[in-house]
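Q: I'm new to reading protein structures, and I'd like a close look at one part of this one. Could you take me through the sheet and what lies around it?

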Amino acid sequence: MKKPGSMKSLEDMGRARLSKNFFFRDFLHSEIADFYRIPNIPDDPDLAIEAGRRLCEELLEPLQAMFGRLHIRSGYRSAAVNEFGNKNKLNCSTNASSAADHIWDRHDFDGCMGATACVVVPWMIDTYRDEEEWQKLAWWIHDHLPYSSLCFFPKLWAFNIQWHERPKRVIQSYVRPRGTKPGMANWQGDHSKFYEGLPRLRN
């Protein structure tokens, strides 16, 4: 698929189905792009769609099956949108760091593919009040899904979830307590005690 050069071709790209419940259009919204009028369109739609499919099929679909409908805060960022966000301190990393992350249509330093979305789980907001309860969700994902990285934020318990060809399996949080990574004492083993009371996975 070529980079869209018209509204009609952009519309067609947005119809690309990434998984049972998600389409590419679900991930194209960006406040940076909207406010500053920067097109959020991939240079390599085929790579963006393939990375997005892996993110949706392997991570977002199981999450939605477990907790109900997800709210997508942000997903794909074009290199132009991300670069503008980085230069203007709008919570975007450099393009090099964001490749195979929020920039789905660029490989990273090692030539690997990846994709990240920032999501909110409304069920968690409705069920728990203590911000430190983010661990319930983090440890469930850690024990059940092939994520590469997770990063939790204070507002709405939003978090970045990344699929990557070579998963790092790192959890970070801007809310106490902090997360984990390979080599830390809390990384291995069964963490089910942290997520008692969560619903059962629905097939």
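A: Here is a walk through the sheet, strand by strand, followed by the pockets and two single residues. Keep in mind that this is a predicted model.

Let's start with the layout. The sheet is open and has 5 strands, in the order β1-β2-β4-β3-β5, with mixed pairing. At the edges are β1 (71-74) and β5, each of which pairs on one side only. From one strand to the next, the twist averages 25 degrees.

Now look at β2, which covers residues 114-120. On one side, β2 is joined to β1 by 3 bridges, and the two strands run antiparallel. You can find one such partnership by eye: H71 has V120 in β2 as its bridge partner. β2 is also joined to β4, this time by 6 bridges, and again the pair runs antiparallel. Here T116 stands opposite Q162 in β4.

How hidden is β2? Because 7 of its 7 residues are buried, β2 is largely enclosed by the rest of the structure. To see how its residues are arranged, a general rule helps. In a regular strand, side chains alternate between the two faces of the sheet. In β2, G114, T116, C118 and V120 point one way, while A115, A117 and V119 point the other way. Residues in both groups are buried.

A helix also belongs in this picture. Helix α3 (residues 45-67) packs on the sheet, where it touches β1, β2 and β4 (159-164). The direction of α3 makes about 125 degrees with that of β4.

Next, follow the strands to the largest pocket, which has a volume of about 1300 Å³. It is lined by 43 residues, and the closest to its centre are R77, N91, H102, F153 and N160. Several elements give two or more residues to this lining, including β1, β2, β3 (149-152), β4 and β5 from the sheet. The helices α2 (31-36) and α5 (95-98) do so as well. The most comes from β4, with 4 residues. Sorted by class, the lining has 19 nonpolar, 15 polar and 9 charged residues.

The second largest pocket has a volume of about 340 Å³. Its lining has 14 residues, and L10, R25, L28, H29 and N40 lie nearest its centre. Two helices, α1 (7-14) and α2, each supply at least two residues of that lining. The largest share, 3 residues, comes from α1. By class, you will find 6 nonpolar, 4 polar and 4 charged residues there.

Finally, let's set two single residues side by side. N95 sits in helix α5. N95 counts as buried because its relative accessibility is 17%, and the cut-off for buried is under 20%. Leaving out residues up to four places away in sequence, N95 touches A79, N82, E83, I103 and R106.

E196 lies in the segment after β5 (170-173). With a relative accessible area of 57%, E196 is exposed, because that label applies over 50%. Leaving out sequence neighbours up to four places away, E196 touches Y128 and K136. For a sense of scale, try finding K8 too: K8 and E196 are 188 residues apart along the chain, and their C-alpha atoms are separated by 48 Å.

Methods
Residues numbered from 1 in each chain as written. Predicted model: local features only at pLDDT ≥ 70, side-chain atom pairs only at ≥ 80, totals over all residues. Heavy atoms only, no water. Buried < 20%, exposed > 50% of the residue type's maximum accessible area, 1.4 Å probe, protein only. Contact = heavy atoms within 4.5 Å. Pairing = 2+ DSSP bridges. Axes fitted to C-alpha atoms, helices over the stretch in contact; angles between N-to-C directions. 1 Å grid on protein atoms, 1.4 Å probe; cavity = no way out; pocket = protein on both sides within 12 Å on 5 of 7 lines; lining within 4 Å. Points joined across faces, edges and corners; volume = space filled by probe spheres on them. Nonpolar A, V, L, I, M, F, W, Y, C, P; charged D, E, K, R; others polar.
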